Amino acid sequence: MCEKLTPFAMAMSTCNNEEFLTDEGLEALHQAGVQAIELSFRAAQMDKIDLTAQVEKARAHGILVWSIHLPFDGLDIAALDEAFRRRTLNYHKDLITRAGAAGIHTAVVHACLEPVADADRAARMEQSKESLCELAECAQASGVVVAVEDLPRSCLGNCSKEMLELLSADERLRLCFDTNHLLGEDIAHFLSFMNGKIRTVHISDYAF
């Protein structure tokens with residue numbers, strides 16, 4: 001039974017691979033030394049998962065469901081279209097509530113979809129920050145922490161300055177530190193600003 005992680009525990013993302021939801025897949029992970037997983041699926045796949053049952057199934061194989069990655073296919077918390085942003089928030093809030101009820105205590109979120117045009121960047125940043133405040137409030141009520149992931153290219157949160165601005169939207173927000181998304185800033189420089197803010201980490205999930 002895996003109730004908590006040991007130091008330097010090996011963990012991995014399911015990354016749209018439904019095999020890792022099966023008993024066979026979970027046992028293979030356990031035998032390979034994996035102690036925890038992040039459930040990461042497109043929205044259509046995520047909607048089919050009974051999170052409580054999945055947490056129990058993973059635990060039976062000695063694996064902790066450490067986090068859930070809120071889907072980002074066609075969902076945007078920084079959308080300028082308010083109706084679209086509200087639909088995204090409602091979806092994310094429902095998933096966060098389900099995660100909390102299942103005993104999953106970390107929810108990773110992208111601050112936007114891309115591309116982000118220079119002319120829209122400030123406005124989309126404000127939309128994202130407003131959304132993150134709402135998600136943090138919902139998450140606290142569900143026993144979940146929202147971890148905002150640093151992102152590459154034109155995305156919001158592609159440098160320490162923008163990540164600090166996003167996290168400043170609510171003191172309950174934390175960082176999902178993706179080591180491979182920092183394409184324009186030295187990792188050590190980025191980390192120098194993130195003391196006490198890191199909740200979870202992604203490593204080697206982005207190669208170009």
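Which residues point one way from β4, which point the other way, and are they buried or exposed? Thr106, Val108 and His110 go one way, Ala107 and Val109 go the other, and all are buried. The views below start from the sheet around that strand and work outwards; keep in mind that this is a predicted model.

**View 1. The open sheet, with its strands pairing in parallel.**
Seven strands line up here in the order β1-β2-β3-β4-β5-β6-β7, and the pairing is parallel. At the edges sit β1 (10-13) and β7 (198-202), each of which pairs on one side only. Ignoring direction, neighbouring strands in this sheet are turned by 25° against each other on average.

**View 2. Strand β4 and its two partners, β3 and β5.**
β4 is mostly covered, with 5 of its 5 residues buried. In a regular strand, side chains alternate between the two faces of the sheet. You can follow that split here: Ala107 and Val109 point one way from β4, while Thr106, Val108 and His110 point the other. To one partner, β5 (residues 145-149), strand β4 (residues 106-110) is joined by 5 bridges, and the two run parallel. With β3 (residues 64-69) the pairing is also in the parallel sense, over 2 bridges. Ala107 is a handy landmark for both pairings: Val146 in β5 stands opposite Ala107, and so does Ile68.

**View 3. Helix α4 alongside helix α5.**
Two packed helices are described by the angle between their axes and the distance between the axes. For α4 (residues 82-102) and α5 (residues 121-141), the axes come within 10 Å and cross at roughly 25°. Angles under 35 degrees count as roughly parallel, so α4 and α5 are roughly parallel to each other. Their crossing is right-handed. On the α4 side, look for Glu82, Arg85, Arg86, Leu89, His92, Lys93, Ile96 and Thr97; these meet Gln127, Glu130, Ser131, Glu134, Leu135, Cys138 and Ala139 in α5. Sorted by type, the residues of this contact come out as 5 nonpolar, 4 polar and 6 charged.

**View 4. Two residues from the α4 and α5 contact, Ile96 and Gln127.**
Ile96 is found in helix α4 and is buried, with a relative accessible area of 0%. Leaving out residues up to four places away in sequence, Ile96 touches Leu70, Ala107, Leu135, Cys138, Ala139, Ser142, Val144 and Val146. Ile96 and Trp66 are 30 residues apart in sequence, and their C-alpha atoms are 13 Å apart in space. Over in α5, Gln127 is buried too, at 13% relative accessible area. Beyond residues up to four places away in sequence, Gln127 touches Ile77, Ala78, Ala79, Leu80, Glu82 and Arg85.

**View 5. Helix α3 crossing helix α4.**
The axes of α3 (residues 51-60) and α4 come within 8 Å and cross at roughly 40°, and the two helices are therefore oblique to each other. α3 passes α4 in a right-handed crossing. Leu51, Thr52 and Val55 of α3 make the contact with Leu95, Arg98, Ala99, Ala101 and Ala102 of α4. That contact divides into 6 nonpolar residues, 1 polar and 1 charged.

**View 6. Helix α6 and the loop after β6.**
Helix α6 (residues 160-167) lies across β5 and β6 (174-178), running at about 155° to β5. In the loop between β6 and α7 (187-191) you'll find Leu182, which counts as buried at 9% relative accessibility. Setting aside neighbours within four places in sequence, Leu182 is in contact with Asp150, Asn158, Phe177, Ile187 and Phe190. Ile63 is 119 residues from Leu182 along the chain, and their C-alpha atoms are separated by 29 Å.

**View 7. Some backbone oddities in the loops.**
Most residues other than glycine have a negative phi, and most peptide bonds are trans. Cys15 has a phi near 45°, a positive value, and for Asn16 phi is near 65°, again positive. Cys15 sits in the loop between β1 and α1 (23-31), and Asn16 is placed in the loop between β1 and α1 as well. Cys15 is exposed, at 54% relative accessible area, whereas Asn16 is partly exposed, at 28%. Elsewhere, a cis peptide bond joins Glu114 and Pro115, with omega about 5°; Pro115 is found in the loop between β4 and α5.

Methods: Residues are numbered from 1 along each chain as its sequence is written. This is a predicted model: local features need pLDDT of at least 70, side-chain atom pairs count only at pLDDT 80 or more; totals for chains, interfaces and linings use all residues. Side-chain values use heavy atoms; hydrogens and water are left out. Two strands pair if DSSP finds at least two bridges between them. Helices (H or I, at least four residues) and strands (E, at least two) are DSSP runs, numbered from the N terminus. Axes are lines fitted to C-alpha atoms, for helices over the stretch in contact, and angles run from 0 to 180 degrees between N-to-C directions. Contact means heavy atoms within 4.5 Å. Angles under 35 degrees count as roughly parallel, over 145 as roughly antiparallel, 65 to 115 as roughly perpendicular and the rest as oblique. A crossing is left-handed if the near helix is turned anticlockwise from the far one by less than a right angle, and right-handed if clockwise. Ala, Val, Leu, Ile, Met, Phe, Trp, Tyr, Cys and Pro count as nonpolar, Asp, Glu, Lys and Arg as charged, and the others, Gly among them, as polar. Buried means under 20% relative accessible area, exposed over 50%, partly exposed in between (1.4 Å probe, protein chains only).
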